[in-house]
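Trainee: I have a protein model open and a list of words I keep meeting. Could you help me see how each word is earned?

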Amino acid sequence: MCTMTWMVKDGGYELFFNRDERVSRSRADLPTIQQVDDVQYLSPTDADAGGTWIAANQFGVTVCLLNHYEFEQIATYKQWTSRGEIVRSFATTENLGGVEQKFMELELDDYRAFRMFVIDRTGNNRLCVWDGHQARIEVDVATPKSSSSIDAKYVKSLRKQLFDELDLNNAKDSVQFIKYHSSHMQNKSTESVCMHRDDANTVSFSHVIVSAESVEFAYADGAPCRASLGKPLRIPLQYSADQNSLSSAIVMAANS
């Protein structure tokens with residue numbers, strides 16, 4: 001039960017993410033600057049399982065996870081590994097080059113169905129899909145992406161329809177996207193982008209901005225219809241080894 005959109009811009013991109021959860025879940029810990037293997041990334045933390053659903057790192061790579069309810073396995077005999085741990089394991093990703101191989105090397109039978117979205121600083125992306133039986137990788141998918149535990153196909157079609165009606169594929173600023181993520185269509189409901197049900201609702205909104213200089217993460221601790229984005233966390237953008245090699249090659253070619 002989440003909705004994710006993004007907008008590619010000169011020098012980077014902006015990404016927007018509504019997290020929908022059951023009301024029985026604990027309130028997530030606010031985003032912090034975290035570090036693994038000398039790589040910094042910005043991420044909130046799931047207070048129940050310790051993982052996360054979104055992480056943006058110093059290389060301008062953002063990783064997001066959506067549950068894949070249409071294919072959710074029903075098995076009470078298995079001890080599932082938290083899907084939030086997958087995002088943690090990909091949070092230090094430098095580029096898309098190793099995403100596909102690393103995804104296929106996961107012990108996927110240990111996880112319930114999911115879709116993991118990875119976007120790099122240039123706006124290229126991969127969608128890694130595990131439906132509980134087979135894995136696949138989609139290249140450069142289109143925005144938006146959404147999930148719902150109730151009538152998923154119908155709900156996703158409504159949210160996509162609203163996205164198209166607002167002409168967000170041609171939007172130039174974040175205000176239009178924030179309005180979309182705060183919207184209720186006709187009313188607050190299971191179908192609305194800012195989702196409200198008796199047993200679940202949108203519990204947070206994340207806004208990632210990757211530019212040529214920095215990576216920023218702003219977070220609304222609550223439904224975006226009532227909670228404001230807090231002051232963003234910021235880390236400098238660092239170029240990976242591959243990106244530095246490419247930049248050097250471009251300079252050499254220009255000087256030759």
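Mentor: Let us go from the whole chain to single residues, keeping in mind that this is a predicted model.

Trainee: Happy to. What makes up the chain, in terms of helices and strands?

Mentor: The chain holds 5 helices and 13 strands. It has 256 residues, and 52% of them are buried. About 12300 Å² of the chain is exposed, with carbon and sulfur atoms supplying 47% of that area.

Trainee: How do you know which contacts link distant parts of the sequence?

Mentor: By looking at separation. Of the contacts with a separation of 6 or more, 58% are between residues 24 or more positions apart.

Trainee: Now the sheet. Why are strand 10 and strand 13 said to stand at the edges?

Mentor: The open sheet has 6 strands in the order 10-1-2-11-12-13, paired antiparallel. Strand 10 and strand 13 (233-236) each have a single partner strand, so one side of each has no neighbour in the sheet. From one strand to the next, the twist averages 10°.

Trainee: What makes strand 1 and strand 2 a pair?

Mentor: Count the bridges: at least two are needed for a pair. Strand 1 (residues 2-9) and strand 2 run antiparallel and are joined by 8 bridges, so they pass that cut-off. As an example, T3 has N18 in strand 2 as its bridge partner.

Trainee: Which helices lie across these strands?

Mentor: Helix 3 (residues 152-165) is one of them; it lies across strand 1, strand 2 and strand 10, at about 150° to strand 10. Helix 4 (residues 174-181) lies across strand 1, strand 2 and strand 11 (200-210), running at about 175° to strand 1.

Trainee: What makes a group of residues a nonpolar core?

Mentor: The members must be buried residues of certain kinds, such as Leu, Met and Phe, joined through side-chain atoms within 4.5 Å. The largest such core here has 25 residues, and M4, L15, F17, I54 and F117 have the most contacts inside it. At least two residues each come from strand 1, strand 2, strand 5, strand 6 (62-67), strand 7 (114-119), strand 8 (125-130), strand 11 and strand 12 (214-220). Another core, of 22 residues, lies apart from it and includes Y41, V61, L65 and F114.

Trainee: What does F17 touch?

Mentor: Beyond its neighbours within four places in sequence, F17 is in contact with several residues, among them M4, I54, L66, H181 and F205.

Trainee: Let us turn to E14. Why is E14 called buried?

Mentor: Buried means under 20% relative accessible area. E14 has 5%, so the word fits. E14 sits in strand 2 (residues 12-22).

Trainee: How do you know that E14 and H207 make a polar contact?

Mentor: Their side chains are joined at 2.7 Å, and the cut-off is within 3.5 Å for a suitable pair of N or O atoms. Away from its sequence neighbours, E14 is also in contact with residues including T5, W6, S174 and V208.

Trainee: Q58 is in a loop. Is Q58 buried or exposed?

Mentor: Q58 is at 12% relative accessibility, so it counts as buried. Its loop runs between strand 5 and strand 6. The side chain of Q58 reaches the backbone nitrogen of Q40 at 2.9 Å, and Q58 also has contacts with residues including V215, I235 and L237.

Trainee: Why is D37 called exposed, while D140 is called partly exposed?

Mentor: Exposed means over 50%, and partly exposed lies between that and 20%. D37 has 68% relative accessibility, so D37 is exposed. D140 has 41%, so D140 is partly exposed.

Trainee: What is notable about phi in D37 and D140?

Mentor: D37 is not a glycine, yet its phi is positive, about 50°. D140 is also a residue other than glycine, with a positive phi near 50°. D37 lies in the loop between strand 3 (29-36) and strand 4 (39-45), and D140 in the loop between strand 9 and strand 10.

Trainee: And what makes the bond between T143 and P144 a cis peptide bond?

Mentor: Look at omega: for the cis peptide bond joining T143 and P144, omega is about 0°. P144 lies in the loop between strand 9 (135-139) and strand 10 (145-147).

Notes: Residues are numbered from 1 along each chain as its sequence is written. This is a predicted model: local features need pLDDT of at least 70, side-chain atom pairs count only at pLDDT 80 or more; totals for chains, interfaces and linings use all residues. Side-chain values use heavy atoms; hydrogens and water are left out. Helices (H or I, at least four residues) and strands (E, at least two) are DSSP runs, numbered from the N terminus. Buried means under 20% relative accessible area, exposed over 50%, partly exposed in between (1.4 Å probe, protein chains only). A polar contact is a pair of N or O atoms within 3.5 Å; within protein, one must be able to donate a hydrogen and the other to accept it, and residues adjacent in sequence count only if both atoms are side-chain atoms. Contact means heavy atoms within 4.5 Å. Axes are lines fitted to C-alpha atoms, for helices over the stretch in contact, and angles run from 0 to 180 degrees between N-to-C directions. Accessible areas come from the Shrake-Rupley method with a 1.4 Å probe; for residues, only the protein chains shown count as cover.
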